[in-house]
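Subject: The two-chain model

Hi,

Here is the model I promised to pass on, with the sequence alongside. Have a look at it first; my notes follow underneath.

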Amino acid sequence: MKLGKVLEIIEGKLITENIDLDQDIEMGCGADLMSDVLAFTHEGTLLMSGLTNPQVVRTAEMAGIKAIVFVRGKIPPPETIALAEGKGIPLLASKFTMFETCGRIYQAGLPGCGLFELTLRRWRDAFEES
Amino acid sequence: MPSRKADRPSDVDQELAREITIRQALAYELKIAQAMSSDVISVPPSLTMAEFGEILRTNGISGTPVVEGDRMVGIISTEDLIKALKAGEMDATVGEKMTPDPETLYADEPLVRAIGKFSKLKYGRFPIIGHKGDMVGIITPGDIAQAMLRQLETDYHEEEMHRYRASHIFEDIVADDIALVFGYRVAAGDIIRAGEASSELRKTLSRLGIPPPIIRRVSVATYEAEMNIVIFSDGGEIVAEVRPDRIRVEALDKGEGIPDVEQAMQPGYSTAPPWVQEMGFGAGMGLPNIHACADVMSLESKVGIGTHLEIVIYIQ
C-alpha cells in the first residue's frame, strides 16, 4: 500500500517535510512498547504509536520501519522530528485512536506482521503443553 | 536501581531543534562565499539608464551594484529600468534611479543569513562585502538554490563512495583470517543519545555491504543491549567484530550486574524504573529479544561488578 493511500484512509497530516508518498508499505504494527516493535515487525513495516519521544525514531531506524503514524492527534516534540528528518523516516499524524487508526488501515488491506517464534513458544507453553 | 533522571534539553535547545531540519542544516553549513557569484558586473552612477539597460541585456543579468571609485554606493535592477522606461526617463543617470546604501551581507556569514534576508526584504539580490567593506560578490535566490543542490549532490556521492570502498574491503585485504573491530562507548543515563552506538554500527554494516536482514538482527540486538547499558549500568561499551562469515557483538558494562540471569531472561520480567517505561522500554522484553535475534548468545553478570553480553550472528 502506498504511503499516500495510508494518509488518505486515516485522514492524516504530514509532520515531516519532503515525504515520498509514492513509497510502498508492506505491513503494519501498532505498539507503544518499543521492545514489541523491535521483536514483532519486519523490514518495510508501518508503525502506529502513541509514544512520541526520540527513541521511537531510533527504534524505527533499527527495525527498518518505513514510516511512523502518531495516533490520537499526538504531535512529537521537535527533537523527535529533527531525528526523523535526519534519518529520512516520514512522520504522519492521525486524529483517531490507536484502534481506529489501525482498523482503518487493516480494513483497506494492509496486513499485519504475522506470527513470531517468540510468541508461539509462549503460546505453546501456556496452552498446549500439559 | 539507579534512577537517574534523563537530561532534558532546555526550551532553547528544543526551539533550535525545531528550526534545524536536515535541509536547513545545509544552509547553516554553507557560507555565503560558497554560494555567491564573485564575478560581479558593476556600473558607475554616471551611466544613463539607457546604457544600463544595454549592459543588462548583453550580460544576461537582472541587476548590478553601483560602484563609484572602489566604494559601493547603491544597487540597481530591471525593476528600476522598467520604472524609468514608463516615466520616459531613460536619459536619467543610474545614480538618480538606484537604491542607495543597499543592504549587504558578509562573505563569511552562513548561507541561512542570506535566506533570512531574502524572505524578509523581498529584494532580488544582495551585494556581498568583505570585512573591510570591499565588495566581493553578489547573491541571488538562484545562487542559493544551486549551492544547496551542489552540496546535496556532494553529500550523496560521498555516502556512495564510502559504501563502495567499504564493501570491497574483505576482497581487498589478503589474509587467512580477517576481522574488523568497531568499538563504541555508551554513557549511562543519557536517554536522549541512547541508540547512537547502534545507529553508527548499523550505518557501518550497511557500508560494508552486509545483507539487510542480517543488519536488522544485529541492529535490534545491539540497540536492546545499548538501552540496557544506558538504563541499568554506570556506562559501558559495545564492541562489534565483523568477519566475512559472522558478526560478533559484545556489550560490556560496569554496574550493579544482574543477580539472577535466568530470571532476567524470562519474557516480561523487568526491574526498570517508571521513567524507562514511559520511554517505551523496560517491559522485560530486551533480553528475550536479543536472544531471538542472535544465533549464539551468552550472558555473564557479576553483582557489583558488571555484565558481559556476547552474541554471534552468522552471515549466510
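Confidence in chain A bottoms out in helix 6 (residues 117–128) of chain A, with a mean of 87, and peaks in strand 4 (residues 67–70) of chain A, at 98. That is pLDDT, the predictor's confidence in each residue, from 0 to 100. Over the whole of chain A the mean pLDDT is 94, and 98% of the residues reach 70 or more.

On the ground rules: this is a predicted model, where local features need pLDDT of at least 70 and side-chain atom pairs count only at pLDDT 80 or more, while totals for chains, interfaces and linings use all residues. Residues are numbered from 1 along each chain as its sequence is written, and chains are lettered from A and ligands numbered from 1 in the order in which they are written.

Chain A

Chain A has six helices and five strands, where helices (H or I, at least four residues) and strands (E, at least two) are DSSP runs, numbered from the N terminus. Reading from the N terminus, the order of elements is α-β-β-α-β-α-β-α-β-α-α. Of its 130 residues, 42% are buried, meaning that 20 or more other C-beta atoms lie within 10 Å of the residue's own, with exposed standing for 12 or fewer, partly exposed for anything in between, and C-beta atoms placed from the backbone.

The five strands of chain A make an open sheet with mixed pairing, in the order 1-5-4-3-2. Strand 1 (13–14) and strand 2 (27–30) of chain A are at the edges with a single partner strand each, so one side of each has no neighbour in the sheet. Pairing here takes at least two bridges found by DSSP between two strands. Strand 3 (residues 45–49) of chain A runs parallel to strand 4 of chain A, and four bridges join them; in that pair, L47(A) has I68(A) in strand 4 as its bridge partner.

Helix 5 (residues 98–107) of chain A lies across strand 2, strand 3 and strand 4 of chain A, at about 170° to strand 2. For angles like this, axes are lines fitted to C-alpha atoms (for helices over the stretch in contact), and values run from 0 to 180 degrees between N-to-C directions.

Chain B

Chain B comes to 14 helices and eleven strands, and 29% of its 316 residues are buried. Among contacts in chain B with a separation of 6 or more, 64% are between residues 24 or more positions apart. A contact here is two residues whose C-beta atoms, placed from the backbone, lie within 7 Å.

Try the hairpin: strand 1 (residues 63–68) and strand 2 (residues 71–77) of chain B pair antiparallel over six bridges. P65(B) has I75(B) as its bridge partner in strand 2. Two residues sit between the strands, and G69(B) in the turn has a positive phi of about 65°.

Further along, chain B has an open sheet of three strands, ordered 4-5-6 with mixed pairing. Its edge strands are strand 4 (105–106) and strand 6 (135–139) of chain B, each pairing on one side only. Strand 5 (residues 126–129) of chain B is antiparallel to strand 6 and joined to it by four bridges, with I128(B) opposite G137(B).

Helix 7 (residues 111–121) and helix 8 (residues 141–167) of chain B have axes that come within 11 Å and cross at roughly 145°. L111(B), A114(B), I115(B) and F118(B) in helix 7 meet P141(B), I144(B) and A147(B) in helix 8. By class, that contact has seven nonpolar, no polar and no charged residues. The classes: Ala, Val, Leu, Ile, Met, Phe, Trp, Tyr, Cys and Pro are nonpolar, Asp, Glu, Lys and Arg charged, and the others, Gly among them, polar.

Where the chains meet

Which element of chain B gives the largest share of the side that touches chain A? Helix 11 of chain B does, with six residues. In total, 29 residues of chain B are in contact with 28 residues of chain A. The chain B side has 16 nonpolar, nine polar and four charged residues.

Helix 3 (residues 54–63) of chain A and helix 11 of chain B have axes that come within 8 Å and cross at roughly 145°. There, R58(A), M62(A) and A63(A) meet R216(B), S219(B), V220(B) and Y223(B). By class, this contact has four nonpolar, one polar and two charged residues.

Cheers
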